[in-house]
Amino acid sequence: MTNNLRIYGIGLLICMAASCSRVPDHIISEKKMRAVLYDMQLAEAMVETGYETYRTGDERQTVYDGVFAKHRITQAEYDSSLVWYGENMELYMRIYRLVLKDINDHIASMGDIKPNPLSGDVSAKDSIDIWIYNRSFTFKPEQVFNALTFDITPQKPYSSGSSYVFGMSVWGIAPNLKHKPKIRISAVHADTVISAGRDITGDGYYETVVSTVATKQVKRVYGHIIINDSEASPYHRIYVDDIRLMKYNYGSKALTAPQADTLLIVNNK
């Protein structure tokens, strides 16, 4: 009995050392997929924030090709692995959460920004995360109203000309989903509302940006992520995580989404 347990223990250690996995041989391993997804997030951010540099599809593709070359994989291997992980969502979510942790650890290493938008004067800070709600949300087909909404009104108006970057990571978007989730963010001046919006077209990191009038303070910031259930095609659960709403003072360097994906609307109240 003791010898059998010893043999079993040795076998278990060998299996662990060999990184036993439920992933088939032709699919990128969990450990490697974590590293690939991390770099793909960085590549996506580079393309998103460098719209002037990466204007064409070929220019954007060179960034992604750099990730494939770094990890010695092809795009076909990456795409087929994404499909397999999409069919094994529990495993995919576990890896994706580790990727988000890696990103958050990297952000924290550059200096933590703590949210405190509803008390005191935050206007002196060049940047601050003003999000006060849960950092994650799940869209469920069985829910009556499938939307994440937010409405932030500070005790003191935010500084004139401030910009707001609504960012989040999304996964669970099926390729055949006919009606995509929609993002909208609005900033309210005394007499004007400025809004920006975009669709969530697939898994990945998204940012939507509102830049306000340089001479007017901001009284309120609100918005939503929503699926129109009356028109939506059938879907499984869609997960939103790592939600942030960054406020940047006028003149500070803010991350901005490409204008091609951002709709700017100015309405007099």
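Below are questions and answers on the cores, one helix and the salt bridges of a predicted model.

User: How are residues numbered, and which residues and atoms count?
Analyst: Residues are numbered from 1 along each chain as its sequence is written, and side-chain values use heavy atoms, with hydrogens and water left out. Local features need pLDDT of at least 70 and side-chain atom pairs count only at pLDDT 80 or more, while totals for chains, interfaces and linings use all residues.

User: Which residues touch the most other members of the largest nonpolar core?
Analyst: A nonpolar core is a set of buried Ala, Val, Leu, Ile, Met, Phe, Trp, Tyr and Cys residues joined through side-chain atoms within 4.5 Å. Buried means under 20% relative accessible area, exposed over 50%, and partly exposed in between (1.4 Å probe, protein chains only). Of the 31 residues in this core, those that touch the most other members are Tyr164, Phe166, Ile185, Ile225 and Leu245.

User: Which residues of β4 (163-171) does Leu245 touch?
Analyst: Strands (E, at least two residues) and helices (H or I, at least four) are DSSP runs, numbered from the N terminus. Contact means heavy atoms within 4.5 Å, and residues up to four places away in sequence are not counted here. β4 covers 163-171, and the residues that Leu245 touches include Tyr164, Val165 and Phe166.

User: How far apart are the end C-alpha atoms of helix α3, and what span is expected?
Analyst: The helix has 14 residues, 57-70. The expected span is 1.5 Å times one less than the number of residues, so α3 should span 20 Å. The end C-alpha atoms agree with this, being apart by 20 Å.

User: Which residues of α3 are buried?
Analyst: An α-helix has 3.6 residues a turn, so residues three or four places apart point the same way. In α3, the buried residues are Val63, Tyr64, Val67 and Phe68.

User: Which residue forms a salt bridge with Asp102?
Analyst: A salt bridge is a side-chain nitrogen of Lys or Arg within 4 Å of a carboxyl oxygen of Asp or Glu. For Asp102 the closest N and O atoms are 2.8 Å apart. Asp102 lies in helix α5 (residues 89-109) and its partner in helix α2 (residues 30-49), 68 residues apart. The partner is Arg34.

User: Is Asp151, which meets Arg220 in a salt bridge, buried or exposed?
Analyst: Asp151 in strand β3 and Arg220 in strand β8 are 69 residues apart. The relative accessibility of Asp151 is 35%, so the residue counts as partly exposed.
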